[in-house]
Amino acid sequence: MQPLLDLRSLWLLLLSLFLLLFEVARAGRPVVSCPAACLCASNILSCSKQQLPNIPHSLPSYTAHLDLSHNNLSRLRAEWTPTPLTHLHSLLLSHNHLNFISSEAFSPVPNLRYLDLSSNQLRTLDEFLFSELQALEVLLLYNNHIVAVDRYAFDEMAQLQKLYLSQNQISRFPLELVKEGAKLPKLTLLDLSSNKLKDLPLTDLQKLPAWIKNGLYLHNNPLQCNCELYQLFSHWQYRQLSSVMDFQEDLYCMRSKKLHNVFNLSFLNCSEYKESAWEAHLGDTLTIKCDTKLANLRASGL
């Protein structure tokens with residue numbers, strides 16, 4: 001009688017395993033337990049402050065928010081996750097020791113919208129580094145050691161809206177990032193403050209639309225003092241652009257190894273800034289460019 005009961009128990013066990021596998025296949029994703037070093041709440045994984053030298057393996061494929069900040073990660077390789085994380089929209093890697101990122105590191109996360117790489121040890125941004133992130137909207141790279149930014153580093157990022165590059169060692173202004181209709185058509189904020197910028201393409205910056213200049217932060221850089229620089233920022237101040245109004249005291253320039261506030265260059269005898277004016281008479285046709293802080297507003301005829 002006992003062997004019959006054992007066979008029945010074995011059959012029930014096999015049936016249960018079959019039904020479990022069937023449900024897994026129907027759901028389209030494997031049953032993956034929460035990694036030991038992480039806290040999991042539904043599709044949110046927090047693996048922060050765990051002294052991790054490597055990213056945990058077998059991350060659930062349905063992960064939407066992954067926090068790996070404040071660990072000991074030094075390299076982000078192409079195979080950092082063997083499972084594609086197509087649902088991941090937020091990846092936090094700040095406060096690690098990252099000094100290398102593979103050009104294929106972001107292939108498993110094509111739908112990422114928010115990426116925080118701040119407070120690491122990155123020195124260069126190589127060509128096509130972020131090109132797989134075509135849905136990314138916010139990229140934080142502040143407080144690294146970035147010296148060079150390849151002109152193709154941000155190619156194919158048509159959805160990027162905010163790019164934070166402050167507190168690095170960048171000495172060349174990446175003009176290609178802010179030219180209207182160029183690489184980043186939706187970019188509304190570019191923070192280049194607290195870098196090593198000395199020379200700016202002043203003529204090109206003056207031609208930028210106000211909605212781009214409003215989010216172009218350049219304070220705390222050792223800019224060279226001259227009247228053209230004073231005219232540029234006086235114009236932005238007159239237009240009440242946030243990039244100037246929020247940091248007026250931190251906008252300075254260098255002359256004879258001394259710092260001077262950009263708006264106090266009396267020793268250069270710069271002419272006072274005046275807004276351009278047009279004269280028209282009754283019956284004339286006058287077209288005025290609608291240069292506002294809001295994007296996608298075009299010229300209007302009067």
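Two strands pair if DSSP finds at least two bridges between them, a cut-off worth keeping in mind for the first view of this predicted model.

**View 1. Strand β14 pairs with strand β15.** Here β14 runs parallel to β15, which spans residues 252-255, and two bridges join them. For one of the residues to look for, take Gln224: its bridge partner in β15 is Met254.

**View 2. An open sheet is built from three strands.** The order is β14-β15-β16, with mixed pairing. Residues 223-224 make up β14 and residues 258-261 make up β16; these two strands stand at the edges with a single partner strand each, so each has one side without a neighbour in the sheet. As a general reminder, strands of a sheet pair through backbone hydrogen bonds, in either a parallel or an antiparallel way.

**View 3. Leu139 and its surroundings.** You will find Leu139 in strand β9, which covers residues 138-140. Its relative accessibility is 0%, and because buried means under 20%, Leu139 counts as buried. Leaving aside residues up to four places away in sequence, Leu139 touches Leu115, Leu117, Phe130, Phe154, Met157, Leu160, Lys162, Leu163 and Tyr164. One of these, Leu117, lies 22 residues away along the chain, with 7.6 Å between its C-alpha atom and that of Leu139.

**View 4. Residues 17-31, where some caution helps.** Over this segment pLDDT stays under 50, and the model has six contacts for it beyond four places in sequence. For the protein as a whole, the average pLDDT is 87, and 84% of the residues score at least 70.

Note on methods
Residues numbered from 1 in each chain as written. Predicted model: local features only at pLDDT ≥ 70, side-chain atom pairs only at ≥ 80, totals over all residues. Heavy atoms only, no water. pLDDT = per-residue confidence, 0-100. Contact = heavy atoms within 4.5 Å. Helix = DSSP H or I, 4+ residues; strand = E, 2+ residues; numbered from the N terminus. Buried < 20%, exposed > 50% of the residue type's maximum accessible area, 1.4 Å probe, protein only.
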